[in-house]
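Student: I am new to this structure and would like to understand how its parts fit together. May we go through it in questions and answers?

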Amino acid sequence: MGSVSLKIGDGTARFRRATACSSALNILMLFSVITTNLFALYAFTSSSKGNQNHPHLHHHRNISLISEHVSLILKEIDSSQKKLAKMEKELLGYDTIDLSRPNIAKELKLFLQHHQLPLGKDSKTGITEMVASVGHTCEKSADLLTQYMSYKISGPCPDDWSLGQKLILRGCEPLPRRRCFAKSIPKVGLQSFPTSLWKPVSNKTVIWSGLGCKSFSCLNSKVLSRECVGCFDLVNGYENQRYVKARSKNDFLISDVLGLGSGGIRIGFDIGGGSGTFAARMAERNVTVITNTLNIDAPYSEFIAARGLFPLYLSLDHRFPFYDNVFDLVHASSGLDVGAKPEKLEFLMFDLDRILRAGGLFWLDNFYCANDEKKRTLTRLIERFGYKKLKWVVGEKADNGKSEVYLSAVLQKPVRVS
């Protein structure tokens, strides 16, 4: 029936639309409560009319009858509340991870235990215990989570980063912490900043386990995404010309966009930034940019870090770990397309709006519109935020002989007075 993934606090809740069965149950419960109340009212009034000539004789009987029906109503209400609570729990799709089940890793049990504060209740926060942070959807991948939490304490962690990423992509985010040492390799050939921005990164600086390619030359021969075609080649190709030389009317230049920012652009956030080239270009202009990424088919995080830039290993299902109104610029391209239901994109857009300051810029860079409906949906959503359109270009590009539509825009967040 469709679902919406929502990050709340330290985990994931899934809201499923009510089925016909659950709706019928609601109606039945409501009918039951109403019927019980009507029956009690009828019994009370009829008894009163029939006993007008003998008020003292039947007074006790009336009180007893009313008490019985009041008790019956209270039981019905209590039963209804329990059924509603159960239905709500089923609709949310959340169950506490059952630590009593067999084969649960001991480390997982220990991590998820509630730990009482040594001095009792904290006067500032009011909490009495520390609760571990782990994604609610981890319950659905308990076997993989147990595998992830099975290791030797204080020993080397298993070479299982790809397992952890698989859990994240299934909604098991955040992952539990572990008490083992992550695999490390010597970073040979790292350059100092800012030389590191455009120097080729050595294959020896990356852990290639869990990846199909074992070198950057192999990655550059593949189409990894719409934003990453040869994106690990910093010398040849188009990567070293991006954002300073336009290939189409949809390609905005950084110098032009920065000139649109009121109050100056100092810090930014890049969604799905490929190999970090946008952050590199901004760093040349003394703007700090955090690049959100995952290692899907390539070592994006390590490559971005090798360039002297800041990678943030986080899925787009996770609430961004930043305070409100802190960024001057948010940059996103087709990686913003989270698919599924339109509501999922809404949750993401509202979170991006939350971290962008008033007067800040939202740069939508070559967003691929698979069809007119996708373009209309995104356009309507953007218009709901009331952003000022500083630049807005819809253009076509030819890809393998097929014309594709892309949307590029620079939007300015308004000041909202609540």
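Student: Which residues form one aromatic cluster with Trp208 and Phe216?

Tutor: This is a predicted model, in which local features need pLDDT of at least 70, side-chain atom pairs count only at pLDDT 80 or more, and totals for chains, interfaces and linings use all residues. Residues are numbered from 1 along each chain as its sequence is written, and side-chain values use heavy atoms, with hydrogens and water left out. Rings of Phe, Tyr and Trp (its six-membered ring) pair if their centres lie within 6.5 Å; planes under 30 degrees apart count as stacked, over 60 as edge-to-face and the rest as tilted. The residues that form one cluster with Trp208 and Phe216 are Phe232, Tyr300 and Phe303.

Student: How many aromatic pairs are there by this rule, and what is the angle between the planes of Phe232 and Phe303?

Tutor: The rule gives 15 aromatic pairs. Phe232 lies in the loop between β6 (228-229) and α7 (254-258), and Phe303 lies in helix α9 (residues 300-306), 71 residues apart; helices (H or I, at least four residues) and strands (E, at least two) are DSSP runs, numbered from the N terminus. Phe232 and Phe303 are both buried, a term for under 20% relative accessible area, with exposed over 50% and partly exposed in between (1.4 Å probe, protein chains only). Their ring centres are 4.8 Å apart in an edge-to-face pair, and the angle between the planes is 90°.

Student: Why does the pair of Phe269 and Phe322 count as edge-to-face?

Tutor: Phe269 belongs to strand β7 (residues 267-271) and Phe322 to the loop between β9 (310-313) and β10 (327-332), so the pair ties together parts 53 residues apart in sequence. Both Phe269 and Phe322 are buried. The ring centres are 5.2 Å apart, and the pair is edge-to-face because the planes stand at 70°.

Student: Which element gives the largest share of the largest nonpolar core?

Tutor: A nonpolar core is a set of buried Ala, Val, Leu, Ile, Met, Phe, Trp, Tyr and Cys residues joined through side-chain atoms within 4.5 Å. The largest has 37 residues, of which Phe216, Leu219, Phe232, Phe278, Met282 and Trp363 touch the most other members. Two or more residues come from each of α6 (216-220), α7, α8 (277-283), α9 and β11 (356-369). The largest share, 5 residues, is given by α8.

Student: Is β10 enclosed or open, and how many of its residues are buried?

Tutor: In the parallel sense, β10 pairs with β11 over 5 bridges, where two strands pair if DSSP finds at least two bridges between them. Strand β7 also runs parallel to β10, joined by 4 bridges, and Asp270 has His331 in β10 as its bridge partner. Strand β10 is largely enclosed by the rest of the structure, because the number of its residues that are buried is 6 of the 6.

Student: Which residue offers a backbone oxygen 3.2 Å from a polar atom of the side chain of Gln412?

Tutor: Gln412 is part of strand β13 (residues 402-412) and counts as buried because its relative accessibility is 16%. Not counting residues up to four places away in sequence, Gln412 touches residues including Leu260, Tyr387 and Leu390, where contact means heavy atoms within 4.5 Å. The backbone oxygen at 3.2 Å from the side chain's polar atom belongs to Gly359.

How values were computed:
Polar contact = N/O pair within 3.5 Å; in protein donor to acceptor, adjacent residues only side chain to side chain.
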